[in-house]
Amino acid sequence: MKSGVTMAGRFLNEILSFVVFSLLDMVDMVLCYVYKVADLFMEAEWKACYCSSAKETIATGGKILRLTCTKLQLEEISDTLYTRPSLLSEVSKSTTVKKTARRGGVRSTFTVNSSIIDMLQGKINGGLQSLPIPRWSDCNCKTCTSWASCKETLFVKVDGARENTREDVVFIHGFISSSAFWTETVYPNLSKAAKSKYRLFAVDLLGFGRSPKPTDSLYTLREHLEMIERSVLHPYKVKSFHIVAHSLGCILALALAVNHPSAVKSLTLLAPPYFPTPKGEQATQYIMRRVAPRRVWPVIALGASLACWYEHISRTICLVICKQHRLWEFLTKLLTRNRIRTYLMEGFFLHTHNAAWHTLHNVICGSAGKIEGYLEVVKNGVKCDITIFHGRNDELIPVECSYNLQSRIPRAHVKVVDNKDHITIVVGRQEAFARELEAIWRNAS
């Protein structure tokens, strides 16, 4: 009886998901034209979006040309930015292929984004590259003023030992979050002994919280890592350090360990999104389907799918939530009257669509082809303790991800916490987690 009900529920979820996401495909296509008109009206131009990549996106071998205020760079981007299979896209693709076939076959082309052409022809020739300004759909309040792409550093919340520091700890938050995930939970619950010994660094990643939100950034893995190094490791002269990372932050933590193999003293990973790619599958596309499965249930899967599959719907969500974040912050404070929840929600509101969209694709999906190499280096070249925490009820990143990672690095210790999910693996058990961290750091020393 129970298995029958489960199968019926899955079937219903499949049918409902197909209907809902087919409708969302059409809504996103309509919004594409709506935003083109709105951008033209508000900014006197529109920027090419990824759904028109066949004509306007640099997308050859996963490379894209980017011009900042100081240099021209070739960035590595994820193909999931411009290739997200759906019913509408498949129909459109087949039509394009048929038309091309009639004209004499398919040719390999290298096309250039029109906005890149403008920058190359106008701003380089003019001798000056003007700094980008916030888009009309982004907030420009006092909290969200760090827009220039040449802004030096991230926002870093430093706590703990001020003098005679023995060891350093770097905290890296997850997707659509901020340093408050750590500073409002772990920081207050560390013992006095720990705070007198460890210097604590919690960063707001590029594009999130109170950190810079450059409009011309592609928020690649390289950019995120460089900003962490420039904001923490270099200015504070950090020679060796522990890393504590959650979700998306786990990918950055592994990459950071690969860049500084002799400096990392311990790795603590919470809900690492590691999905080994089956043979014959394209890594980036496989990860996108696992993280964002185009399902209406559970709700967290629906949210991930909206953020990952729909460039214009997700921009609309940011327009409603992030641009109006002061209103939502006020309502959160009024309704929850809970300091931790209030600060965590504030971190959720403080980002831009450009930051969230590119980070999701270029870091979570785009790292799929690199993660195996990172794990191999950490396994053989980074001699530190590795501890993995995972909530048994995590519906976004399943527990199997942690065990998959352990299978690649056998010395990693996995601790599955009952009755906890993706967020409550820390929130709600912050005192116990702080004690666990102190034990990890102490043993590593």
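The following legends describe close-up views of a predicted model.

**Figure 1. Overview of the chain in the predicted model.** The chain holds 17 helices and 9 strands. Of its 445 residues, 52% count as buried. Among the contacts with a separation of 6 or more, 77% join residues that lie 24 or more positions apart.

**Figure 2. The largest nonpolar core and the surroundings of Ile243.** This core has 77 residues, of which Ile172, Phe241, Ile243, Leu267 and Leu269 touch the most other members. Helix α8, formed by residues 248-259, supplies the largest share of the core, with 9 residues. When residues up to four places away in sequence are not counted, Ile243 touches Val170, Ile172, Ala253, Leu256, Val264, Ser266, Leu267 and Thr268. A second core, separate from this one, consists of 25 residues, including Ala194, Val417, Ile425 and Val426.

**Figure 3. The packing of helix α7 against helix α8.** Helix α7 spans residues 221-233, and its axis lies 10 Å from that of α8. The two helices pack at an angle of about 70°; an angle of 65 to 115 degrees counts as roughly perpendicular, and α7 and α8 are therefore described in this way. The crossing of α7 past α8 is right-handed. On the α7 side, the contact is made by Leu221, His224, Leu225, Ile228, Glu229 and Leu233, which meet Ile251, Leu252, Ala255, Leu256 and Asn259 of α8. These contact residues comprise 8 nonpolar, 2 polar and 1 charged.

**Figure 4. The packing of helix α10 against helix α11.** Helix α10 covers residues 299-309 and helix α11 covers residues 311-321. Their axes are 6 Å apart, and the angle between the helices is about 110°. The pair is therefore roughly perpendicular. Leu306, Ala307 and Trp309 of α10 form the contact with Glu311, Ile313, Ser314 and Ile317 of α11. By residue type, the contact of α10 with α11 divides into 5 nonpolar, 1 polar and 1 charged.

**Figure 5. Glu372 and its contacts.** Glu372 is located in helix α15, which runs over residues 371-381. Its relative accessibility is 29%, so Glu372 counts as partly exposed. Neighbours within four places in sequence being left aside, Glu372 is in contact with Tyr274, Pro276 and Arg408. Although Glu372 and Pro276 are separated by 96 residues in sequence, their C-alpha atoms are 8.2 Å apart in space.

**Figure 6. Pro261 in the loop between α8 and β7.** The strand β7 that follows this loop comprises residues 264-270. Pro261 has a relative accessibility of 32% and therefore counts as partly exposed. Apart from neighbours within four places in sequence, Pro261 is in contact with Gly381 and Val382. The C-alpha atoms of Pro261 and Cys384 are separated by 8.9 Å, while the two residues are 123 residues apart along the chain.

**Figure 7. Lys36 in helix α1.** Helix α1 extends over residues 2-43. Is Lys36 buried or exposed? A residue under 20% relative accessible area is classed as buried; Lys36, at 15% relative accessibility, therefore counts as buried. With residues up to four places away in sequence not counted, Lys36 touches Trp46 and Cys49.

Terms used. Residues numbered from 1 in each chain as written. Predicted model: local features only at pLDDT ≥ 70, side-chain atom pairs only at ≥ 80, totals over all residues. Heavy atoms only, no water. Core = buried A, V, L, I, M, F, W, Y, C linked by side-chain atoms within 4.5 Å. Buried < 20%, exposed > 50% of the residue type's maximum accessible area, 1.4 Å probe, protein only. Helix = DSSP H or I, 4+ residues; strand = E, 2+ residues; numbered from the N terminus. Contact = heavy atoms within 4.5 Å. Axes fitted to C-alpha atoms, helices over the stretch in contact; angles between N-to-C directions. Parallel < 35°, antiparallel > 145°, perpendicular 65-115°, else oblique. Left-handed = near helix turned anticlockwise from the far one by under 90°. Nonpolar A, V, L, I, M, F, W, Y, C, P; charged D, E, K, R; others polar.
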